[in-house]
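Visitor: I should like to learn how to read the surface and the strands of a protein model. May we begin with the surface?

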Amino acid sequence: MIMHSTKGKEIGPELLNAIEDSHYAVVILSENYADSHWCLKELAKIVDCMGDSGRIRTIFYHVDPSDVRNQKGSFGEAWRNMKKILSTAL
């Protein structure tokens, strides 16, 4: 999927709508994935739209799948940091 956006136009809503219209999703989890609020927002939308349908594929890039599953290592640290940021924002 290639998305074009007019300069200065917020791409967020377009991206979330594109996720809703997608049949499949490929999520690339990297060491710092959980550091990105947008990555987590996109992931939540993907899971909300596709759930356990088998239409989500995951690629682990420089991160051990068990670190993601058990929220350990650099991924776990990034995840905990983002949870702190989000909890203080509420």
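Guide: We may, bearing in mind that this is a predicted model. Two strands, β1 (25–30) and β2 (56–61), each contribute at least two residues to a nonpolar patch. The patch lies on the surface and consists of V26, I28, I59 and Y61, which together have about 400 Å² of accessible area.

Visitor: Is I28, a residue of strand β1, to be called buried, partly exposed or exposed?

Guide: The class follows from relative accessible area: under 20% is buried, over 50% is exposed, and the range in between is partly exposed. I28 has 48% relative accessibility and therefore counts as partly exposed.

Visitor: How do the side chains along β1 alternate?

Guide: In a regular strand, side chains alternate between the two faces of the sheet. In β1, A25, V27 and L29 point to one face and are buried. V26, I28 and S30 point to the other face and are not buried. Two of the residues named for this second face, V26 and I28, also belong to the nonpolar patch.

Visitor: Do β1 and β2 run parallel or antiparallel, and how many bridges join them?

Guide: The two strands run parallel, and six bridges join them. Within this pairing, V27 of β1 stands opposite T58 in β2. Between the strands the chain passes through α2, giving a β-α-β crossover that is right-handed.

Visitor: Where does D35 lie in relation to these elements?

Guide: D35 is found in the loop between β1 and α2 (37–50). Its relative accessibility is 41%, so D35 counts as partly exposed.

Visitor: Which residues does D35 contact beyond its neighbours within four places in sequence?

Guide: With those neighbours set aside, D35 is in contact with A78 and M82. A separation between C-alpha atoms can be read alongside such contacts. For D35 and R80, which are 45 residues apart along the chain, that separation is 9.1 Å.

Visitor: What pattern does the chain follow when read along the sequence?

Guide: The order is α-β-α-β-α-α, with four helices and two strands in the chain. Among contacts between residues at least 6 apart in sequence, 63% join residues at least 24 apart.

Visitor: What share of the residues is buried, and how much area does the chain expose?

Guide: Of the 90 residues in the chain, 23% are buried. The chain exposes about 6600 Å², and carbon and sulfur atoms supply 54% of that area.

How values were computed:
Residues are numbered from 1 along each chain as its sequence is written. This is a predicted model: local features need pLDDT of at least 70, side-chain atom pairs count only at pLDDT 80 or more; totals for chains, interfaces and linings use all residues. Side-chain values use heavy atoms; hydrogens and water are left out. Patches are made of residues with over 30% relative accessible area and no salt bridge: like charges are joined within 9 Å, nonpolar side chains (Val, Leu, Ile, Met, Phe, Trp, Tyr) within 5 Å. Accessible areas come from the Shrake-Rupley method with a 1.4 Å probe; for residues, only the protein chains shown count as cover. A salt bridge is a side-chain nitrogen of Lys or Arg within 4 Å of a carboxyl oxygen of Asp or Glu. Buried means under 20% relative accessible area, exposed over 50%, partly exposed in between (1.4 Å probe, protein chains only). Contact means heavy atoms within 4.5 Å. Two strands pair if DSSP finds at least two bridges between them. A crossover is right-handed if, with the strands pointing away from the viewer, the path from the first strand over the helix to the second runs clockwise.
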